[in-house]
Amino acid sequence: MKINRRAFTGLMGTTLLGLGLAACGSGSGSSEGGATTFVIWDYETETSAQAIAWKRAIEIFKDRHPEVEVRTVEQTFEQLQKNAKIVLTGDDVPDVMEFNKGNSTSGQLASQGLITPLTDYAAKYGWDSALPASIQTTARYTEAGLMGAGDWYGVPNYGEYVFVYYNKDMFEQAGLTVPTTLEELESVCDAFVAQGIVPFAEAGSEYPMGQLWYQLVLTQADRNFVNAYQLFQGDVDWRADPIKAGTERLASWIGKGYVAADSAGLTAEDAGASFVAGRHPMFVSGSWWFARMVADIAGFEWDQFLFPGTDLYPGSSGNLWVVPANAKNPDLAAEFIDITLSEEVQAVFAQHGGLPVLGDPTTIEDDKTRVMTENFQEILDGDGLAFYPDWPVAGFYDQIVSAMQSLINGSKTGAEAMADLAAAYEEGKAEIVDV
């Protein structure tokens, strides 16, 4: 198939508002006129596993290069999403920065020549052989910015995935055990519904409901479907399985009361907070909620399990380290990236509830953290990361949200909602790919 680069770049373009990046004037790397200054931009909070692990990576980097001044500049996700194109066209850029993965983010920067190809560094440091295939997908982009092939433009050092958080107390009080098949999961839900309890904390106005829909589709899917849906390596039939089967199952769950009738208007925060408050026995969402659960749940015992009946799960690498095309110290940037993939730094990720892409989960002391990491490793070993449902084309997130809301409130059938998604998907794909 032929990639239409101009159409893709136009499609994936984002509205770039007024420049709001803090300390840009002092934020660029320097290797001229004396001591080298190495500049890192990220947008992680100080208590996150990423920030803690990267702090250790900086310490190691400084030990290796005492002659280099390291400067970190805190940004926000929103600032970089809106302003990266403007910032990176100038010379006042960092040496390495955290950026979101995917076609419309890192892929767009790659297609516009704003970030540096890292393929030679990937070979030099062995990233291309050490990182699992599904993790590498978000690191590589074609000339048009499509992920999964072409040069390396970013390097992930942690991961994320969707699983089921559950209230152990509610399960035990109902005499229920962790389900291992879809049928057992439905029996668990039926038991809670019979007690007047809505099984799932859900949110129709943001990502959780769409991810549940995609997870149910994935229970009937294989890697060929994922590659067709996400990477355009084949056609997607929106009227047939696995989409048809997954959508019908979700519609059935809604009809049976597994999801609250008023959840169409709820946010992800609403759903997560409802689970934390003990109002629902299950919450299907991502590893990014883990630290919140640890910190905020006090009134009951909770745990986790992989969504049953599938080998494929919504998830991906975490955000990427990218090197701006105008960075002054790309070799140092590559070395720093490699340090974040070292055994020592990956172990710090693991101990603090992050998900290392390389490492040994058995060294983790906390039981819940170890289980989450072991489950992630199991998914990686089985090439089970299937990315996220809204990734393929620009604007698809809003389309999925609308479709899920129409299913919850009953304004459309599953077939009608999928017809809407099919139209948006195929229109977006046509702007990117000439078949």
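Biologist: Which residues of α2 are buried?

Modeller: Keep in mind that this is a predicted model. Helix α2 covers residues 49-64, and its 16 residues reach 23 Å from the first C-alpha to the last, close to the 22 Å expected. Buried means under 20% relative accessible area. By that cut-off, the buried residues of α2 are Ala-49, Gln-50, Ala-51, Ala-53, Trp-54, Ala-57, Ile-58, Ile-60 and Phe-61.

Biologist: What covers the buried residues of α2?

Modeller: Strands and helices both take part here. The helices in the cover include α15 (330-340) and α16 (343-351). The strands in the cover include β2 (37-42), β3 (69-74), β4 (96-99) and β12 (320-322).

Biologist: Let's stay with α15. Is Phe-336 buried or exposed?

Modeller: Phe-336 lies in helix α15. Its relative accessibility is 0%, so Phe-336 counts as buried.

Biologist: And which residues is Phe-336 in contact with, leaving aside its neighbours within four places in sequence?

Modeller: One of them is far off along the chain: Phe-38 is 298 residues apart from Phe-336 in sequence, with 9.9 Å between the C-alpha atoms. Three others, Ala-57, Ile-58 and Phe-61, are among the buried residues of α2. The contacts of Phe-336 are Phe-38, Ile-40, Ala-57, Ile-58, Phe-61, Val-96 and Trp-321.

Biologist: What covers the buried residues of α16?

Modeller: The buried residues of α16 are Val-345, Gln-346, Val-348, Phe-349 and Ala-350. After α16 comes Gly-353, with a positive phi near 85°. As for the cover over the buried residues of α16, it includes α2, α15 and α17.

Biologist: Now the second largest pocket. Which element gives the most to its lining?

Modeller: About 300 Å³ of space lies in this pocket. β2, α2 and β3 each supply at least two residues of its lining. With five residues, the element that gives the most is α2.

Biologist: How many residues of that lining are nonpolar, polar and charged?

Modeller: The lining includes Ile-40, Ala-51, Ile-52, Trp-54 and Ile-58, along with Thr-45 and Thr-72. Asp-42, Glu-44, Glu-46, Lys-55 and Glu-74 line the second largest pocket too. The split is five nonpolar, two polar and five charged.

Biologist: Any odd backbone geometry? Where is the peptide bond that is cis?

Modeller: Look at the loop between α11 (223-231) and α12 (243-256), where Pro-242 lies. The omega value there is near 10°. The cis bond runs from Asp-241 to Pro-242.

Biologist: Asp-383 is not a glycine; what is its positive phi?

Modeller: Asp-383 is found in the loop between α17 (367-381) and α18 (396-409). Its relative accessible area is 31%, so Asp-383 is partly exposed. The phi of Asp-383 is about 50°.

Biologist: What about Phe-387: buried or exposed?

Modeller: Phe-387 lies in the loop between α17 and α18. Phe-387 has a positive phi too, near 65°, and is a residue other than glycine. At 1% relative accessibility, Phe-387 counts as buried.

Biologist: Which residues does Gly-150 touch, not counting those up to four places away in sequence?

Modeller: Gly-150 is found in the loop between β5 (140-141) and β6 (151-152), and at 37% relative accessibility it counts as partly exposed. The C-alpha atoms of Gly-150 and Arg-140 are separated by 5.6 Å, with the two residues ten apart along the chain. The residues that Gly-150 touches are Arg-140, Tyr-141 and Thr-142.

Biologist: How far apart in space are Val-433 and Arg-223?

Modeller: Val-433 lies in strand β13 (residues 433-434). Its relative accessibility is 4%, so Val-433 counts as buried. Val-433 and Arg-223 are 210 residues apart in sequence, and C-alpha to C-alpha their separation in space is 21 Å.

Biologist: Last one, on confidence. Over which residues is the pLDDT below 50?

Modeller: The mean pLDDT of the protein is 90, and 91% of its residues reach 70 or more. The stretch in question has 72 contacts in the model beyond near neighbours in sequence. Where pLDDT is low, though, the predicted coordinates should not be read in detail. The stretch with pLDDT below 50 is residues 1-26.

Note on methods:
Residues numbered from 1 in each chain as written. Predicted model: local features only at pLDDT ≥ 70, side-chain atom pairs only at ≥ 80, totals over all residues. Heavy atoms only, no water. Helix = DSSP H or I, 4+ residues; strand = E, 2+ residues; numbered from the N terminus. Expected span 1.5 Å × (residues − 1). Buried < 20%, exposed > 50% of the residue type's maximum accessible area, 1.4 Å probe, protein only. Contact = heavy atoms within 4.5 Å. 1 Å grid on protein atoms, 1.4 Å probe; cavity = no way out; pocket = protein on both sides within 12 Å on 5 of 7 lines; lining within 4 Å. Points joined across faces, edges and corners; volume = space filled by probe spheres on them. Nonpolar A, V, L, I, M, F, W, Y, C, P; charged D, E, K, R; others polar. pLDDT = per-residue confidence, 0-100.
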